[in-house]
Amino acid sequence: MGDVYYGERGFNVSMRATLTLRLLAPAVFLLSIPSMYGQAMYAQRFGDPNIIAPDFPSPQEVIERMLQLAKVRPGETVYDLGSGEGRIVITAARQFKARAVGVELSPELCRVANGRVRALGLEGQVKIVHANMLKVDLRPADVVTIYLLTSANDLLRPNLERDLRPGARVVSHDFEIRGWKPAAVEQVEAEGRPRTIYLYQMGTEK
Ligand SMILES: C[S@@+](CC[C@H](N)C(=O)[O-])C[C@H]1O[C@@H](n2cnc3c(N)ncnc32)[C@H](O)[C@@H]1O
């Protein structure tokens with residue numbers, strides 16, 4: 001590549017570019033480590049870097065207590081992020097008369113959940129969205145329910161802080177949201193082991 005001379009010092013453009021790249025490369029590499037590490041960790045754990053939690057349904061008694069603790073009112077909108085086979089959204093609609101949106105990455109689990117919603121005639125109240133929860137607009141939610149992992153909650157937290165209005169509630173089964181102060185923490189015994197439910201209220205979570 002021919003040199004392009006730049007000014008009297010004989011310092012040329014290609015030399016400048018090379019120097020800048022040499023100086024910036026370590027910083028760019030260091031900055032990308034957390035996301036590379038996070039993606040590699042999830043890919044290793046679940047085979048797909050977009051999957052941030054395994055498929056384990058919450059027991060029915062835990063679901064009911066989560067929605068009670070969040071004081072879900074008729075007509076409110078509940079988002080279950082990672083909605084699996086749809087237990088939480090169906091319970092929110094049937095027992096709490098809420099509107100409910102389930103966000104699920106697995107097409108198979110979306111099919112199962114949609115089948116259940118149709119069988120129960122809840123299509124007017126419950127919507128299942130096939131999407132990555134980290135890319136979904138959460139602004140319509142009054143209540144968000146999650147049963148993920150602490151590391152997944154770390155990824156989700158900035159989106160909750162970006163989208164949820166003051167007074168919205170987040171309820172998490174078994175995994176705390178690091179850096180937030182819970183409004184309530186409860187223990188429930190279900191399927192042979194104690195479960196912890198964390199309730200957070202936007203505006204008082206920090
Ligand atoms: C532990 S299960 C919880 C199921 C349901 N919320 C419950 O409590 O019964 C976690 C769910 O999150 C889903 N999931 C994992 N990563 C996801 C992502 N990035 N976006 C949407 N769903 C995801 C999994 O497929 C799984 O169904």
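Glu191 is exposed in this predicted model, because just 10 other C-beta atoms lie within 10 Å of its own, and a residue counts as exposed at 12 or fewer. Glu191 sits in the loop between S6 and strand S7 (193-201), and its phi is positive, about 45°, although the residue is not a glycine. Most residues other than glycine have a negative phi. A second residue of this kind is Asp174, which is not a glycine either and has a positive phi of about 70°. Asp174 belongs to the loop between S5 and strand S6 (184-190), and with 18 other C-beta atoms within 10 Å it is partly exposed. A positive phi, near 55°, is also found at Lys97, the residue that follows H3.

These loops and helices belong to a chain with 5 helices and 7 strands, whose elements run from the N terminus on as α-α-β-α-β-α-β-β-α-β-β-β. Of the 206 residues of the chain, 34% count as buried. Among contacts with a separation of 6 or more, 63% are accounted for by residues 24 or more positions apart.

Helix H3 (87-96) is mostly covered, with 8 of its 10 residues buried, namely Arg87, Ile88, Val89, Ile90, Thr91, Ala92, Ala93 and Phe96. The cover over these buried residues includes helix H2 (60-69), strand S1 (77-81) and S2, together with helix H4 (107-119), strand S3 (126-130) and strand S4 (143-146). In the largest nonpolar core, which has 48 residues, Ala92 and Val144 touch the most other members, and the largest share of this core, 6 residues, comes from H3. Leaving aside neighbours within four places in sequence, Val144 is in contact with Tyr79, Leu81, Leu138, Leu160, Leu164 and Val170.

Leu160, one of those contacts of Val144, leads to helix H5, where Ala152, Asn153, Leu156 and Leu160 are buried. An α-helix has 3.6 residues a turn, so residues three or four places apart point the same way. The elements covering the buried residues of H5 include S1, S4 and S5. H5 covers residues 150-163, and because each residue should add 1.5 Å, its 14 residues are expected to span 20 Å, which agrees with the 20 Å between its end C-alpha atoms. The helix nevertheless bends by about 40° at Leu156, and a proline, Pro158, follows within four residues.

Strand S5 (residues 169-173) holds Arg169, a charged residue that counts as buried because it has 25 C-beta neighbours inside 10 Å. Beyond its neighbours within four places in sequence, Arg169 is in contact with Ala70, Val143, Leu199, Tyr200 and Gln201. Ala141 is 28 residues away from Arg169 along the chain, and the C-alpha atoms of the two are separated by 8.7 Å.

The last part of the picture is the ligand. Of the 26 residues around the ligand, those that come nearest are Ser58, Gly82, Gly84, Leu105 and Tyr147. By class, this shell has 14 nonpolar, 8 polar and 4 charged residues. Helix H3, which is mostly covered, and strand S2 (99-104) each supply at least two residues of the shell.

Key. Residues are numbered from 1 along each chain as its sequence is written. This is a predicted model: local features need pLDDT of at least 70, side-chain atom pairs count only at pLDDT 80 or more; totals for chains, interfaces and linings use all residues. A residue is near a molecule or strand if its C-beta atom, placed from the backbone, lies within 6 Å of it. A residue is buried if 20 or more other C-beta atoms lie within 10 Å of its own, exposed if 12 or fewer, and partly exposed in between; C-beta atoms are placed from the backbone. Two residues are in contact if their C-beta atoms, placed from the backbone, lie within 7 Å. The expected span of a helix is 1.5 Å times one less than its number of residues. The bend at a residue is the angle between axes fitted to the seven residues ending there and the seven starting there. A nonpolar core is a set of buried Ala, Val, Leu, Ile, Met, Phe, Trp, Tyr and Cys residues joined through C-beta atoms within 7 Å.
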